[in-house]
Amino acid sequence: MGKKRVAIIGAGSSGLCNVKCCLEEGLEPVCFESSDDIGGLWRFKDNPEEDRASIYKSVIINTSKEMMCFSDFPIPDDFPNYMHNSKIMDYFRMYAKHFDLLKYIHFKTKVCSVTKCSDFSTSGQWDVTTESDGKQESSVFDAVLVCTGHHTSAYLPLDSFPGITTFKGHYLHSRDYKSPNEFTGKRVIVIGIGNSGVDLAVEISHTAQQVCNYMLSFILMKGKILGKCSENYECPLTL
């Protein structure tokens with residue numbers, strides 16, 4: 001009896017470790033990655049891509065390397081405790097090379113559909129249709145692992161902002177933000193005080209004329225965060 005085949009959709013952090021785990025269990029992993037590289041969310045691109053996660057150039061992970069590393073592959077000692085996205089990519093490449101995972105990944109291959117086979121009730125198998133170089137191909141797998149992440153679509157509730165259609169300035173979601181340079185000399189409002197909201201407000205404060213940070217509820221800002229702001233930053237205001 002041959003090895004059971006497992007389709008893995010996505011070659012980000014989850015996809016990579018699932019390829020490795022399948023190999024350890026004696027399975028045959030086939031990973032499909034729509035882009036030309038590994039890394040998923042953590043691979044910085046100058047321009048946002050449709051249906052893909054997007055980060056800004058300065059992103060640093062907010063989890064220590066001891067907590068985020070794969071249990072069987074420690075992050076090098078000389079890497080910073082809180083890593084820039086480029087260092088995270090370096091780590092993923094080291095991981096993929098060490099466990100020889102790249103040969104199981106089909107790059108520039110988009111998964112078009114995943115459906116149950118006609119005999120699914122007895123076989124438990126799935127029919128996976130992929131597309132590469134304009135050609136579609138269908139294959140049967142014993143299991144499918146979806147490792148596409150959850151930061152691909154921006155939530156921008158414009159109906160909640162009366163007057164936005166007549167606003168003459170520029171507005172965007174943090175997913176489309178890349179650097180503070182485009183806000184030089186401008187007055188900026190950042191709505192939200194989660195990880196991205198604070199990051200962007202602090203960074204933009206060094207180029208903008210003024211930055212106001214708005215939130216729905218009060219929160220106490222730590223000095224180490226405010227210490228990174230310029231004098232153009234106004235403490236969070238409650239909506």
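User: Where is Gly10 found in this predicted model?
Analyst: The model is predicted. Strand S1 covers 5–9 and helix H1 covers 13–24. Gly10 is found in the loop between S1 and H1.

User: Is Gly10 buried or exposed?
Analyst: The relative accessible area of Gly10 is 9%. Buried means under 20%. Gly10 is therefore buried.

User: Which residues is Gly10 in contact with, leaving aside neighbours within four places in sequence?
Analyst: One pair stands 23 residues apart in sequence: Gly10 and Glu33. Their C-alpha atoms are 4.9 Å apart in space. The contacts of Gly10 are Gly15, Cys31, Phe32, Glu33 and Cys147.

User: Which element gives the largest share of the largest nonpolar core?
Analyst: This core has 37 residues. S1, H1, H3, S8 and H5 each supply at least two of them. Six residues come from the element with the largest share, H3 (85–98).

User: Where does this core lie with respect to domain 1 and domain 2?
Analyst: Domain 1 spans 5–146 and domain 2 spans 158–230. Both give residues to the core. The core therefore lies between them.

User: Which residues does Leu16 touch, not counting those up to four places away in sequence?
Analyst: Leu16 is among the core members that touch the most others, along with Ile38, Trp42, Phe92 and Ile204. Leu16 touches Ala11, Ile38, Phe92, Tyr95, Ala96, Leu101 and Ile105.

User: How many residues form the second core?
Analyst: This core is separate. Its members include Ala7, Ile9, Val111 and Phe141. The count is seven residues.

Definitions and conventions:
Residues numbered from 1 in each chain as written. Predicted model: local features only at pLDDT ≥ 70, side-chain atom pairs only at ≥ 80, totals over all residues. Heavy atoms only, no water. Core = buried A, V, L, I, M, F, W, Y, C linked by side-chain atoms within 4.5 Å. Buried < 20%, exposed > 50% of the residue type's maximum accessible area, 1.4 Å probe, protein only. Helix = DSSP H or I, 4+ residues; strand = E, 2+ residues; numbered from the N terminus. Domains from an automatic or database assignment. Contact = heavy atoms within 4.5 Å.
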